[in-house]
Each structure stands twice: as C-alpha cells, then as structure tokens.
Amino acid sequence: MSIKAKLSLSISGIVAIILILNVGFSYYTNRLTQEAALERQIKGIAEQLVVTVDTHEKVRSAIDLELGEKLRLAAMMARESLDPNVANVTNEELVALSKELGLHDITLWQRIDGEVVSVRSSNPDELNLNSSTWDYWNTAFNQLLDLKPVNVKQGTALEHFYSGPINYAVSDPNEINKWGYYYDGSTNYMINTIINAQQNMQFDLVNGTNTLIAELMKHQTGLLEITGIDPVFFGQKPIIKMKKGMPVYNLDVRDIMFGQYQYTNSSEDSVHIQNALKSGEMVTDKFASNGKQTVRSFIPIKGNKPYVIGVAFDEKQLMEPLRQQLVVHAIISLGLVLFTMAASYFISGYMLRSLHQIMAKVNAISAGNFRDSISIRNKDELGLLAARVNSMATNLWKYTTQLKDTATELQSTKQYLESFVNNTSDAIHVVDLNGNITQVNNAFEKIYGWKRSEVLGQHTPSVPEEKWPEHEILMAKVLQGGSVTDFETLHCTKTGQLIDVSKTVSAIRDEDDSIVAIATISRNITSRKQAEEMLRRSEKLSVIGQLAAGVAHEVRNPLTTLRGFVQLQKQTGSLSTAHLDLMLSELDHINLIVSEFLVLAKPQANRYEAVNLETIMTDIVTVMDSEARLNQVRLAFEASRELPDVVGVGSQLKQVLINLVKNGIEAMPDGGELSVRISQADNQEVLIQIVDQGCGIAEEDLPRLGEPFFTKKNHGNGLGLMICHQIIDNHKGAIGFRSTLGQGTCVEIRLPAAVGGRDTDAFASGKGA
C-alpha cells in the first residue's frame, strides 16, 4: 500500500474515531439528560398524585366523619324511640323507625354466650349475623358492650360509638354501606344504624385518582400505567370473603390502592418497594412484561399511612427519539468520513510530490549513483529532508571510496595474517570461554596430528589428563587478566606420544575490552630439551669432576694424618689416647664429607604438599633460641597476616631454614640480632628474609656462594649452601644474597604460593607453574 493511501486511511481513521467518540458521547449525554428528564417527569406525576390523594383523603375523611356523626345522632334518636328491652322491640317497628330517621337499615345486637349476634333488624337479611369472624369489627363490638373506649385503628371511634370503614354489605354484596354502632348501657342491646354510601363513592380515593391517572396517560408518551401500592398488603394473598355466596374483596385491605398493575414483576417489585420505603429515594427497575421492555420507578410517599406510587414506561418508546438521533448522527459522521477520505487522498498526493523526488534519489543512491541531486526549494520538512539526502549522497560517495580502499587494505592484511598464522612453525589454537576450540592453524595439525575438522567444537585434546588441573589454572589466570609466557609443560599427540612444549597463553578482547576468546601458541621444544639434557649431563660430569677433586683434596688431608699415625704405630708399637682421638676425629670428618656428597648424588623421592612456613619457622625459632642465647644473639620473627601456604616438602624447607639461621648465628661471634620476616610478594610468591648483623661477605665472594667446598669457616666444608640451592631449585623458588662487609647479610628466598588449588603432583614433576 502506498504512503498516499496509508496517509489518507490514517487521517480518515482518526476522523472516524473522533466522530464515533463524539456520537457516543452525545448519545451518552443525551441519554443521561433524558433519564434525568424522565426522573423529573415521574416525580412530577407523583407530586400530582400525592396532591390528589391527599385531597381525596381529606374529603373522604370529612365525609366519613360526617357520616359517622350522622349515624351516632340517628342511633341516639333511635334509643329514645325504642324500648330498652329488646324483647319489647319488633322488626316492623325498626322498619318504620329507619324510614322516619332516613336510614337504610337499623339492626339491634346482643352478646349471647360470649358471641355478638344480631337479634332484631329492619332488614331480614341482617338477622342472626355473628361477628366472631369479623376481625377488628368484633373487637370494637366487645369494647362497646364493655363500655370501654374503642381503640381499633380502622374506622372512627366516638363516645359510646364506633363507625367502621365503608365496605360491602354482608347481607347484599352489591351494596356499599356505612355502619354505626352505639351502646351506652341504658339498653340491653347495641344499636346499629346503617346508611347507603353508594353516592359517596364518587368521592372515593380510587375513582377520583383513577380519573387523574387516565388524564395523565393521555398526555404522557410511553406511559403504560400508574399504580398506588399499599406496602402492608402488597405481595400477600388478597382477603376475599364470601357474602351471600359471592366473593367480596374488602375495600379497606387492598394491595393496589388505585391505578392498574398489569405489567408485573412481583418477585422483584416487593423488594424494590421495601427498598424505596427504607431509603426514602426513588428506585428504578427494568424488566420484560406483556411483550414490552418496561421501566418502572417506585416513589415512596410518607404520610399518616405510607404508600408507594409505581410509574411504568415503555422503554422502547422512551428510547426511540435517542435511537433516531443516533442514526442521524451516524449518517452524518459516515458522510464526513467519506469526505475526509477523498479530501485527504488528494491533499496527500499534492504533499507527497516532493517525497516522490526524494524516493527517486534514494533509489539512485541504492543503485550506486551519488552524483545527481534533488532540486526542492520548499522550506518545510520535506525540503530539509531533500537537503539532507543530497548531503548524505555526497558523504556516501566519499565514504564509499574510503571503504573500498580500506577493504582492499584489510583484504591484504587478512591474507598476510592468514599466511603468517598458517605458515608459522608454532601451533596456534583459539578456544571460546567454554574451552571449545574455534580455530587451529596448519602447524597444530602437523605437530599434534589432529585434523581441523576433528578438534573444532571440542576441548583441547593435546592436554593429557594428568595436566588438566595445570591447564585450568592457566586458563583461570588469563581470564582474570593475567598472561602466561613461555610456560613449559607436556602435551600429547594424536598417537599418545608425550612431547615437551613451551606455550604462551593470552586473551583475545573485543572493542569493549571484554575477553571473548583465548589464544594459545605452543612450540615443540622436545629437541631443545634433549639438547639441554645432554648439556646438563655434561655439566654434571664437570661438576662431578670438581666434586671428585674437592673430595679428594678434603679427604687427602685427614688420610695423611691417619697414615702418619699408622706409620708411628708401626714404628713405636703404641699410640697415646690423644693420638687415637685425633684419628677418630679425622675419620668422622671423612664420614661427614662422604655423607653430604651422597645427599647431593642420591635422588630423593619426595611427597609435595601444602606447607605453612609460619609454623615451620616458629618451631625453628623455638629450637634455635637456646643456641642463639649462648652466642648472645637475639632471634626476631615476624610473619604477615593471612600468609598463604607453599607447595613443597616440609622437612627439606626446614633443613634450609635451619642451615641459614645457623649460618646467621655463626656470622655474629660478638652477638647481635637475627631477624626473620615472612611476607607475601605481589606476584603470588612468598618472600622469606633472614637478616643478620654479622661480619658480612665480600662482594667478590657473593657469586661463589653455593659452590661445593667453598667456605670461609674454619670448620666448614662448603656443601651446606649447595644443598640449600638444590632444595630451593627443586621447589621452583629462588635464593639470593645481599651483603656488606662489617654490616651484615640478607638472605632472600622466594617460593611460589599455593594459590587456586595448585597440583602438587604436577609441581613435583618439575612442570608446574
């Protein structure tokens, strides 16, 4: 898809989203406005109904009170006209009296065996009625007959009088009457005056309110019904009594006070009615009833008798204006989107003409044409972009030329390096940080016998198994930033042959100076080792000759003495004890020389292990302290904290230190201080310094220290320091002497520290680091 189409669609999409949000927001706000208007409308309807109901209640109460007073006055007049004894009153007399007083009927009641029954009446249908099943009516009758105030809530109670609510007559369910009951104790019966209330029903709450509801529904769109609900009886079974075989629904115990209740949701309506009464706020519910989606609101009305007004609307009719408005907005929005799409398509085409020129230039650059430039003089971003593209083309032409020259130079350098690496006689192999070989040269294949394909991706096969600990120490040292140069060890070839090699191990780093690989250059020094061995043998023969001459010289002197005494013994036949002691001393001297000579000549089988020099030196100071005190020498010993161990033979190192301490004591005939210090050097070595304050050693004698039979002592043979040199060499260490005549001598011994789990077996073999 082209940028032109993408830009047009993007702009149209943004406009569409904005319009959709606008339509949605408009619909939402209009709906909220309509719901608020509906709520106000419902409250207005409720207020009108409340006024109407209150008015009718007041009128009805006034009529009810007036009828009650009229019935009480008629009862009192009937009492004056009738005999106090019911036995002397006839039904015909009651008929005449009811007409005279303008009543519908007169009935006389007596309490017989605890039940109140009618005994005389102007209406034969009213005779022999029993009030025991008449609920609060029966209670009021008994209170009157007991001359007590009537306290039932229903109806009207006056002095010695009770008038019940208007209701259907028991004798004739088609009639609606008003009854009054009077008893003051002056007669043996209760006077019941009855008046027909059919005419008064035109002031009834139900009829009057229903008329108002019918008027409201004519003028309210979507209004389905208005219902006046008595919460006391709503949801309960209606009280229906059989009168003259006809079911009668009492007017004073109805759950629907006025209006209609056809759109029902009874299971939920009861809950909403109670919630409305408790909260005092309008409660709204939505449900489906009679094929319509209904919205009903319950408005609580508080007064002498709380009730609830339910107003039901048809949701579809309520929402129809909103739906029509939504459709109109959607059509308008669709038209705007289509217009935006067309307009943005043409505008983007005009704006992208410059971009097309830039694209043509970029395509030319990608094809290698850097010469042609773009001629766009716009001052906008596209003009700036065109200028940058022209500048980029110029720079690319310059850099491309430089890169070509550099590539040619790099290719030449690469060929030179590859030729050097592959044609050198030293084996070169590179391993990654996991120890796997990534590159080898031709010399590696020639020296070790493995082909390049056999070792790539594998660990170094030329390292013998017993040399792996040593190899890992070297690798760890390089990874920690160190280097290994001309390290001599043993490697093996593909055939299993061991060869002597000298190798240099170094790290390969990237541009961030991080180690990415390790390169090892190894050289076969087997021939050199063999030549060195022959040279050592030649040197040994020379040394043996010197030793033989020295031994012969040293042994000849005591032998001359012994020969003289033997000749003397032969001549005299006896020797003195002094002469024998001298002969024994000379024999001991010969034995000592021969013993030390054997120590030099006999190979030693030693067990190398980690040795703590501080412990050894502490033992030596303890042993030599008494001898030092005899020679007026004070021993001072100092060791650094966390001193590392060394790998070696403890007894041999102890022999060296005792010999040197003893030499220091003997060098101070006039006494003094012999200081011994042990510390760790910077290059992972342990440094031992033995400093005396003796006579010192002449500068020309320092190079000869360690030669056999070279000594300045009166009773020395010069073999002690030679043995010390040999022991230190076997431990891969070094021994040196610094001295000034008349000031003293400093002996320094450097031994490699046992760091990183050094392989003692490899150390003992003479190939360790």
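Hi everyone, let's begin with a sheet: five strands make an open one, in the order β21-β23-β24-β26-β25, and the pairing is mixed. At its edges stand β21, residues 633–639, and β25, residues 734–740; each has a single partner strand, so one side of each is left without a neighbour in the sheet. On average, neighbouring strands here are turned by 10 degrees against each other, direction ignored. Before I go on, please keep in mind that this is a predicted model.

Let's look at one pair inside that sheet. β23, which covers residues 672–680, and β24, residues 685–691, pair in the antiparallel sense over 6 bridges. If you want a spot to click on, try S679, which stands opposite L687 in β24.

Now for the helices on this sheet. Which strands does α14 lie across? Helix α14, residues 613–630, lies across β21, β23, β24 and β26, the last of these being residues 744–752. Relative to β21, α14 runs at about 170 degrees. Then there is helix α16, residues 720–730, which packs on the sheet and touches β25 and β26. The direction of α16 makes about 140 degrees with that of β25.

Let's move to another part of the chain, starting with strand β1, residues 105–112. Of its 8 residues, 6 are buried, so β1 is largely enclosed by the rest of the structure. β1 pairs with β7, residues 190–196, in the antiparallel sense over 5 bridges, and there the bridge partner of T107 is N192. β1 also pairs with β2, residues 115–121, again antiparallel, over 6 bridges. In that pairing, R111 stands opposite V116 in β2.

For those of you who like backbone torsions, have a look at the hairpin of β1 and β2. There are 2 residues between the strands, and D113 takes a positive phi near 55 degrees.

My last stop is helix α3, residues 136–145. How many of its 10 residues are buried? The count is 9, so to speak of α3 as mostly covered is fair. Among the buried ones are Y136, W137, F141 and L145, along with N138, N142 and Q143. And what covers them? The cover includes β1 and β2, which we have just met, together with β4 (161–163), β6 (176–182) and β7. Just after α3 comes another positive phi: L147 takes one of about 55 degrees.

That's my tour, thanks for listening!

Notes
Residues are numbered from 1 along each chain as its sequence is written. This is a predicted model: local features need pLDDT of at least 70, side-chain atom pairs count only at pLDDT 80 or more; totals for chains, interfaces and linings use all residues. Side-chain values use heavy atoms; hydrogens and water are left out. Two strands pair if DSSP finds at least two bridges between them. Helices (H or I, at least four residues) and strands (E, at least two) are DSSP runs, numbered from the N terminus. Axes are lines fitted to C-alpha atoms, for helices over the stretch in contact, and angles run from 0 to 180 degrees between N-to-C directions. Contact means heavy atoms within 4.5 Å. Buried means under 20% relative accessible area, exposed over 50%, partly exposed in between (1.4 Å probe, protein chains only).
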